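This report introduces a structure to a reader who has not met it before. It looks at one chain, then at how two chains come together.

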Amino acid sequence: MSASSDHQDSVFSHVVQAPEDPILGVTVAYNKDPNPIKLNLGVGAYRTEEGKPLVLNVVRRAEQMLVNDQSRVKEYLPIIGLSDFNKSSAKLIFGADSTAIQENRVTTVQCLSGTGSLRVGAEFLARHYHEHTIYIPQPTWGNHPKIFNLAGLSVKPYRYYNPQTRGLDFQGLLEDLGAAPSGAIVLLHACAHNPTGVDPTLDQWEQIRQLMRSKGLLPFFDSAYQGFASGSLDADAQSVRMFVADGGECLAAQSYAKNMGLYGERVGALSIVCKTADVASRVESQLKMVIRPMYSNPPIHGASIVAVILKDRDLYNEWTVELKAMADRIISMRKQLFDALQAKGMAYKLLFTLVIHVCTPGDWSHIIKQIGMFTFTGLNTEQVAFMTREYHIYMTSDGRISMAGLNSRKVPHLADAIHAAVASIA
Amino acid sequence: MLPPSSYLYMMGNFGLQILVIVISFLQSLGRITMAVAVDVSRFESITMAPPDPILGVSEAFRADTHEMKLNLGVGAYRTEELQPYVLGVVKKAENLMLERGEFKEYLPIEGLAAFNKATAELLLGADNPIIKQQRIATVQGLSGTGSLRLAAALIERYFTGAKVLISSPTWGNHKNIFNDARVPWSEYRYYDPKTVGLDFDGMISDIKAAPEGSFILLHGCAHNPTGIDPTPEQWEAIADVIQEKNHIPFFDVAYQGFASGSLDADASSVRLFAARGMELLVAQSYSKNLGLYAERIGAINVVCSSADAAARVKSQLKRIARPMYSNPPVHGARIVANVVGDPALFNEWKEEMELMAGRIKSVRQKLYDSICAKDKSGKDWSYILKQIGMFSFTGLNRAQSDNMTDKWHVYMTKDGRISLAGLSAAKCEYLADAIIDSFYNVS
C-alpha cells in the first residue's frame, strides 16, 4: 500500500483557488509587508493611539470573574444561546422600557456576531417569508450580498451613496424603496453605515419608516456599531427604536465585535420583533431549526462576558465610558485628518484634479461629516493601489479607510499619501 | 333606474369613502401615519417546530421533579457524582491565557493557526508524512456540527449531485445538516437488531451499491448512537470497497480518546485510510474529549493527494465560512492550542482522558453485571460490553424507551440509546431494574 499518491488524480482537481476575501485579505497583505512605515486601514478593528489592539478593562474584569468562578461549567448552551445574554441584548437595542419586549413580542437568539445573526435571519426568511428579495444599500459591506445569496435570498440594490455630494442620495433611496414590491425585505444599517459613514438624519429615518410601512416592506437592521458611532448607545439605536415603536415587525442583527471589542469571540444576537407573543414563540422554534444543523448551539465565552457586563450596573457604566472614549478618539482622528488635508491645500488641488468626476468644490469635509469607524475617501481603485504600492497604506479598493486604525503620528503620512495619489492619478 | 354598473360604482365609491374615514380616524389616533394598519403578522402562518429530539431530552429532564430521575440523554460527560466536569488542563490553560492578557482580534477565516496545526497532528500523528507534505487542509469549525456543515457545503458546491451515505442509524443531526446544505443522502445498513451488533455484510453491500464517487460517512470510533465499531479487519474491508468504487471516506471523529482512552488508538481507522493514500474528509470535535462542549471547537480536515489540492480546498472552505460567520471563535481554539502544544499539559490531558474513558468502561461493566444478576432468563446482554464509547444501544424499542421515561424517570433518546457518561455506579442497579422491566413488560 503506497503512502504517496502523487500519481493519483485528486478528486479535488476541479477545485480552483479562491481569491482572498477582499476585506480580510487586506490584513493578510498588510501582515506580509516588511516595511515599517506600513499602515493598516483595512478591516474595521479598533486601534489605540499607540496603534495597538484594545481589550476593554471591563472585558478583562468580566473574564477574570468568569475564570475565577469555580461553579462555572462548559455544558452546551441551549440552541438559542445564553438566556441572560439574549434578554440583555434585546434591552440594549430596543430600550429597557420597550413595550415590544414587555409584551413578549421579541424573540432574541444568540448568534455568531453580526455575520452569524444576518445569516440565521436570512435563512429563516428564505424558508418562512413569502418575499425572497432583499434590498441592500449601494454600496454596502462586501459580505452582505454573499450572506443573503447563500441563505437563498436574491439581492437587489437601492440607491444610497451619492459620490458627488459624498452624502446620502435620499431621493434615490425613496424612489428605489418606493418601487420595491410590497413585502420586500430591506437591509438598513442602524448607524455608522459601512463603508460610507453616511447616515440618514432622524427626519429622513422617519420618512423612510413611513414609506416602508406604507409598502409593507420588512426592515432588517444591521447594528454593528451601537455606541460606536456617536458615543451614545441610545442615540445610535434611534433608527431601530423608531420602527419598533410603530408596532410593526422587523429583524435586527446585533454585533458586540466593535462596541465591546469582542471581535474574535464572535458574539452577537438576532432579534425578530413580531406582532404577537404567540408568533414570536413560533418564530423562535423555527430559528432553532436553522441553527441546529449549522452549528448546534453558540459559543459560550463571549456571550458570558457580555452578560456579566450588561447585568452589572458598575461594569455597564464603565463600559459606556470606555465606549465613548473609543468613539471620541475616532472623531478626533477625523478632525486631524481633515485639518492635515486642508493644510496641504488639498481643496485647491482637488478642485482641479477631481472636477472631471465631481461637481462639489474640492473639500474634504465629508471626512468629518461621516460617522463611525469608516470614511469613504472618494479615492478610486487606481489611487488606492498607488497608496498601497508607494506608501504602504492598506485599505479596501473602494476607497474606504478605517479611522479606527489611524493615530496622530500617522496622520501626516496618510495625508501625504492621499495628496500624492490624487496628484498623480486622475 | 340606473344601470347596475352605476350602483356598483356608487357602492364602491361609498366603500372607499368609509375606508378613507376609517384610515383618517386611525391616523388621528397617532397609531399609524401614511400607512394602512397591518394587524396580521407577516409570520402568522409559521407553525411551531418540534423540539430537538436529543437536546429536548435534557429540557424534559430538567422539568421532572422525581428524586430518582436520571438523565441518559445527551452525550455530555458526568462525574460519578453526576456533575459536569471541566478538565483540570482546561482550567490551567484558561488561567494562562488570562495571565498573558491576550488580544481578542478576529482570527483568520480558517481559524487559529496553532490550533489547526495541533489538530491535524492529533488526528494523523505528528510525524505523519501527510503533514510534512502539506497535503492536509485544516479549517477550524464550530465543533463537530459546524465542521460537518462546512464539508457538506463543499460537497454541494464541488460535487453537486454526489450523495452522502450515512449509517442506519446515525446521530440524529447528520441528516439535518445534509438536508440544509442540500446534499442528497441515503443510508447504508449498519445496526443489526437481531445481534445488537454490526450488520457488516449489509454495510459492505450498500457501500458497493452506491453510485461511484459517493461520500461515505463513517464514525471514526465510538459510533453514535450504537457504540458498535468495526474491528480493524472490518475497517480494512470497508476501505477496500470504498477504494474499489472511488468513493470518498468522510469521517466524523467526535470521540477521539474517549472510546478506548487512547488518542492514538481511537484515530487508527482514520490513519488506516490515510496510510493507503486515500483522500478523505474528517470532521473533528473537542466537545467531549476536552470537555469544551459550549466553546464550539472543532475542525474540518481534508486530506488530499497533493499540497496544491489541499491549498485550493482550504481556500474554498474559507469562502464557505465567510458568509456563514466570518471567522470562528477564538477562546476554545486557544485552549486546545495551549493544551496540545504544551508537553506537560498534553500528558495531563491524556491522563484525564483515561480517567473519563475509564469511568465509562467501569459503569458499562457494572450495568452489565447488575442486569445479569437480576435477569435469570438467560438472555445474552453481552452486547452491552462489546459496545464502546459514551453510548450504549440498549436494544429497547420506542415504546420501551418511553416506559423508561414515563415509569422510571430515565431520560434517553427514543432509539434506545443511553449515554453511559450520565450514569453513576450508584445508579446502575436502578437502571438495570428499569431496563429489565421495559424489555420484558412492554412491547
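Buried area is the accessible area, found with a 1.4 Å probe, that two parts lose on being put together, summed over both. The structure described here is a predicted model, and the term is used below for the meeting of chain A with chain B.

## Chain B as a whole

Chain B holds 17 helices and 13 strands, and its C-alpha trace extends over about 95 × 60 × 55 Å along the principal axes. Of the 443 residues in chain B, 60% are buried. When contacts in chain B between residues at least 6 apart in sequence are considered, 75% of them join residues at least 24 apart.

An unreviewed UniProt entry carries the annotation "domain: Aminotransferase class I/classII large", which covers residues 68–435 of chain B. Over those residues, 68–435, the chain is 47% helix and 14% strand, and the C-alpha atoms at the two ends lie 15 Å apart.

## Where the two chains meet

Between them, chain A and chain B bury about 8,000 Å², and 56% of this area is on carbon and sulfur atoms. Three residues, A:Phe12, A:Lys74 and A:Tyr76, supply 11% of the area that chain A buries against chain B, which is more than any other three residues. The contact draws 96 residues from chain A and 90 residues from chain B.

Charged and polar pairs also cross this interface, where twelve salt bridges are counted between chain A and chain B. In one salt bridge, the side chain of A:Arg282 meets that of B:Glu44, with 3.3 Å from N to O. Residue pairs in polar contact across the interface, with both residues at pLDDT 80 or more, number 44.

## The side of chain A that touches chain B

The elements of chain A that give two or more residues to the side touching chain B are α2 (57–68), α5 (113–128), α6 (143–151), α8 (202–214), α10 (277–295) and α11 (300–311). Among these contributions, that of α10(A) is the most, with 13 residues. Sorted by kind, the residues on this side of chain A divide into 45 nonpolar, 26 polar and 25 charged.

## A helix covered from both chains

Helix α1 of chain A runs over residues 24–32, and its buried residues are A:Leu24, A:Gly25, A:Val26 and A:Tyr30. What covers the buried residues of α1(A) includes β1 (39–40) and β12 (393–394) of chain A, together with α12 (307–325) of chain B.

How values were computed
Residues are numbered from 1 along each chain as its sequence is written. Chains are lettered from A and ligands numbered from 1 in the order in which they are written. This is a predicted model: local features need pLDDT of at least 70, side-chain atom pairs count only at pLDDT 80 or more; totals for chains, interfaces and linings use all residues. Side-chain values use heavy atoms; hydrogens and water are left out. Contact means heavy atoms within 4.5 Å. A salt bridge is a side-chain nitrogen of Lys or Arg within 4 Å of a carboxyl oxygen of Asp or Glu. A polar contact is a pair of N or O atoms within 3.5 Å; within protein, one must be able to donate a hydrogen and the other to accept it, and residues adjacent in sequence count only if both atoms are side-chain atoms. Helices (H or I, at least four residues) and strands (E, at least two) are DSSP runs, numbered from the N terminus. Ala, Val, Leu, Ile, Met, Phe, Trp, Tyr, Cys and Pro count as nonpolar, Asp, Glu, Lys and Arg as charged, and the others, Gly among them, as polar. Buried means under 20% relative accessible area, exposed over 50%, partly exposed in between (1.4 Å probe, protein chains only). UniProt positions are given in the numbering used here, feature names are shortened, and annotations may be inferred rather than shown by experiment.
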